[in-house]
Amino acid sequence: MNKKRMEIGTEGRHKESNWLIRRQVPLLLLLSLFCKTASEQIRYSVPEEMEKGSIVGNLAKDLGLNSGEIADRNLHILSLGKKQYFTVSAQNGNLYVNERIDREEICGKTALCLINFEVMVENPMNIFHINVAVQDINDNTPRFLNEDIRLEPSELTLSGAKFVLRYAADPDVGMNSLQNYMLMPNQYFTLETREREDGNKYAELVLSKQLDRESESSFHLTLLAVDGGKPPKTGTAKIWIDVIDANDNPPVFAQEIYKVSMKESAPKGSSVVQVKATDRDEGSYGQISYSFSSITESTRKMFLLDPQNGTITVIATLDFEETDAYTMTIEAKDGGGLVAHCNVEIKISDENDNAPDIILVSLSSPIPEDSASGVLIAVFNVNDRDSEENGKVTCQLQNDLPFKIVSTSSNYYKLLTTGSLDRENTPEYNITITAADKGTPSLSMQKTITVKISDVNDNPPIFEKSSYTAYVQENNPSGVSIFKIKVSDLDQDRNSEIIYSILNSNIKELPISSCISINSETGTIYAQRSFDYEQFRDFEVQVKAQDGGSPPLSSNTTVKVFIVDKNDNRPQILYPSKGVEGSALFEMIPHSASADYLVTKVVAVDADSGHNAWLSYHLLQATEPGLFTIGHHTGEIRTSRTFLERDVVKQRLIVLVKDNGHPALSATVTLNLVFAENFQEAIPEMKNQSTSPDYQSDLQFYLVLALALISFLFLLAVILAILMKLRQSGNPKFLPCFGPVPSKAGTIFPPNYEDGTLPYSYQVCLSSESRKNEFTFLTPNVQIADIVLCGDKSGVPLIGNDGNTSNSEMEHGDQLASEKIYSPYYPGVLSSVVVLEAFQVTEIMTDGKELVKAHK
C-alpha cells in the first residue's frame, strides 16, 4: 500500500472551509494468522472550537474503503474509556466533530496538540491510528492573575531600578499567546519585557527618574498585556505606586534561579527548597518577608511558602503524569518596601505508581458451542501511565482454559479460542487476564471477562397461568396500565426475547385496538380508552407470546378484564320532580294528621351499582325541625307529632339524598307542605308562595313577638276607649273630628256599635279642614261570621260618611294608616286593618285567613 499523508489546516475560525488536507498511511503489517491488523496512521489538522457536527475529513475514503464496505466492515472508533471528540458516520464514512475541542483544556501550553485515537474495521480486523492536530485560535484574552499591582518604592531608589511585575496568563500558544506588555506613558517609569526559561513573558518596571515623595507620594499606572492574534486581544492591570522614605538597600537573593528535583511520591509537608535573601539595612528595613510574586493557581494549590524563612513545602499530592514541572517567582520585600525576585524551577521525577489499566475494546459473547478453534473472542487494550520501563506491560491468562492471548500493536491484544467448546459441560467461562509492568516493584492489574456459550431455540415461552384476571376502575385515563403478563423462556438471549401481541377478543361493538393495547416488549396491557361500567362490565382478550428464535416458538393465554364500578353518578330524584314552586312541589296535610302520618315519599335512583348505589335520605332543613321525620333508607316523610295551633301552616323542607360512595355524591329537593283540610283552604298559601315571608321556627322569637303585639294592642284599646268616651260626652273643644258623626240615609250601623270597652268601629281623620277625607270601616256581626265560616272572599262593603257603599276616594297626600284590634264579637280572633295610600289595597286578616280584599 502506498504511503499517503493528509493534513487539514485553517487560518482562523471563519475560514474553516479552506482546510488543507494531508494524510499518511504507512504499510499494513500482517500481525495474525486469523485476522489481519494493519497499523496505519492518518493525520488531520483542525482548528479548536469547531462546532459540533463539523466535518473533519472522509475517513473511509482515506482508508481506501468504498461506501459499501463502511457498514459491512463496521468502521467505528475505539473509545478506550476516553472522551470522544470525534465520531464516524456509518453512512458515508465522514469524520465529524462530536464534542467541543478546547486546545487549552486538552494540551495546555504544549505547542503541538494532538488528539490520538484508533478506529477499527472488521472482516478482516484492522486497527488504524488517527492523529488530529488541534490548531490554536486566538480565543483567550491575556489575563493578569492580580489586576491590582501595588508597589512601594523608596524615594531613594536610584534610576534604573527594576520592579518585576506579575505576568499575565494567556492559555493560547504561538502568536496567539502573550507577546508584549505596554505601559501608560508617565515621567517616572518605562517598561521592559522579559522571557523566562519556560517561555513565559513578564514585564519589568524600570525607574527612569528618581522619585520624590514630597512632590508626589502616590500615583497609578495602567499596564497592558497584548497577544499576537489578529485582531490582538489585551488584558489590563492597575499599578498602584506608593512612594516611601529612606530605604536604600534592597534585598538580594543568594541565587537568581533555584532548580530542584523531587519524586512524585514526596509526602505532604515535605520541604522542597529554602530561598534566602539578605538586606544590609538594619531594623525594619532589614526584615525580609517572602511571598509568591508570579504563580499559577494550580501551582499555588501544590506548594506553600513560609513568609518568614522562605521555605517552600508540598501541600498536595504530586503526580508526574499530571504535571512534570513547576515554575514560580518568589518575591523578597524588606520593611522599607524594597523587593527582589528569584525564580524556582521544580522538576518531578517519575515513579512506578500506576498499575496497568486493562480496557476491553470489543467482546463476542455469547459464542456458539460449535465454534471452531481460532475464533476471535475479544480485543482489549493495556495502558500504563508511567514512563520508560515502568510503562512496559506483559499479559497472560490464568488457569488452563481453551483460549490464548495474541499481541497485535500499540498495546492491543486479541483473545482467541484454542479448542472445542461444550455448553453442556461449561455454559460460560470466566477468563482472568493479568497485565504486569516491568517497574520495581512490579505492579499488576487483573480483569475477568465472562464469555457465555449460546444455545439453540428449543423451548417455547411459558405463561405462569393458563388464564389471567385483571380489574380496572371505570373512568380510567386513556393509556393507563391495567395488567402485566409474565412469561418465562428457558432459552437464552434472543431465543428468550418475548414479543407480545393481542390475537382477538370477545368485544363485538368496537375494534380491539380502540379498547386496549399491549407493550410488545414488556407484556404490559394498557387501556386505550376510558371504560364505563354502565356500558359494559367485562371482556376477554387472547394474548400471544412469541420468542425471537429461528424458527420462533409461541404460546397463548386468555386475559379476562373486569370493569370496576366507580361512584361517578349522582342520585337522580324521580319524585317529587323539580318544577315551578307553588305547583308540583306542594303537598297538603290535613290538620287532623296524627303522629307517624305518611306525608309523601322521596323517590331517587342511582346509575351506579353496589355500595355506590345505596341511597340514604336526610332532612337537611325544615321550618319546624321537630315536626317531620324522614326514613333513612325509604325516603318516607312522616309527621313526628300532631299539628298544633302555634305551628306554621306552610312548611318548607329540604331533603338531601346521598349515595354510599367514596366520596359520596348527593342531590337535594325542596318540598312545600301546607296544613289544610281541602284544596280550597290550601290555595291561599300556594298563591302567596312568592310573597309570603319565611316563618322562623324559633319559639322564643314568636313569644317575644306575641308579647310585643299584645302590649301594643292593649295600649291601642285603652286609647280607643278614651277617645270613644270623649266622643260620647258631646262636642269636644279639641279633636273635633272625634265628635259624633251625623248619620245619613243609607248608612248601615249595628245597633250596639258603641257598646263595650273596645268598639270594633272607629273613624280615621286625615284632614281637619274637610270631612270629605273621613271614612269608617263597618263590619256587621253576621257578615263577618259568614265570611269566616264560608271562606267567601267576594269583599266587604266599605261604608263612608255619605251613607253610600263604594270604594272611597282619597285625595292626593293621604297617608297610610294601619291598626290591629281585637274584635269584641269574636274574642281571641286577631284582626288586622291595613289601609294603603290612595286606597290601593285594604286587607282584613283573621288568624292568617284573608277576609276582605279591595282594590281601587
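**Note on the cysteines and one open sheet**

1. Cys107 and Cys113 form a disulfide, with 1.9 Å between their sulfur atoms. The model is a predicted one, and the disulfide count in it comes to 1.

2. The handedness of this bond can be stated. The torsion about the S-S bond of Cys107 and Cys113 is about 70°, so the disulfide is right-handed. As to exposure, Cys107 and Cys113 are both buried.

3. Two further cysteines deserve a line each. Cys515 has a relative accessible area of 0% and is therefore buried. Cys395 has a relative accessible area of 19%; because buried means under 20%, Cys395 is also classed as buried.

4. Turning to the strands, S9, S16, S15 and S12 make up an open sheet of 4 strands, in the order S9-S16-S15-S12. The pairing in this sheet is mixed. Its edges are strand S9 (148-151) and strand S12 (178-183); each has a single partner strand, so one side of each is left without a neighbour in the sheet. From one strand to the next the twist averages 25°.

5. Within the sheet, strand S15 covers residues 218-227 and strand S16 covers residues 234-242. The two pair in the antiparallel sense, over 9 bridges. As a point of reference for checking the register, Leu221 stands opposite Ile239 in S16. In general, strands of a sheet pair through backbone hydrogen bonds, either parallel or antiparallel.

Methods: Residues are numbered from 1 along each chain as its sequence is written. This is a predicted model: local features need pLDDT of at least 70, side-chain atom pairs count only at pLDDT 80 or more; totals for chains, interfaces and linings use all residues. Side-chain values use heavy atoms; hydrogens and water are left out. A disulfide is a pair of cysteine sulfur atoms within 2.5 Å. Buried means under 20% relative accessible area, exposed over 50%, partly exposed in between (1.4 Å probe, protein chains only). Two strands pair if DSSP finds at least two bridges between them. Axes are lines fitted to C-alpha atoms, for helices over the stretch in contact, and angles run from 0 to 180 degrees between N-to-C directions.
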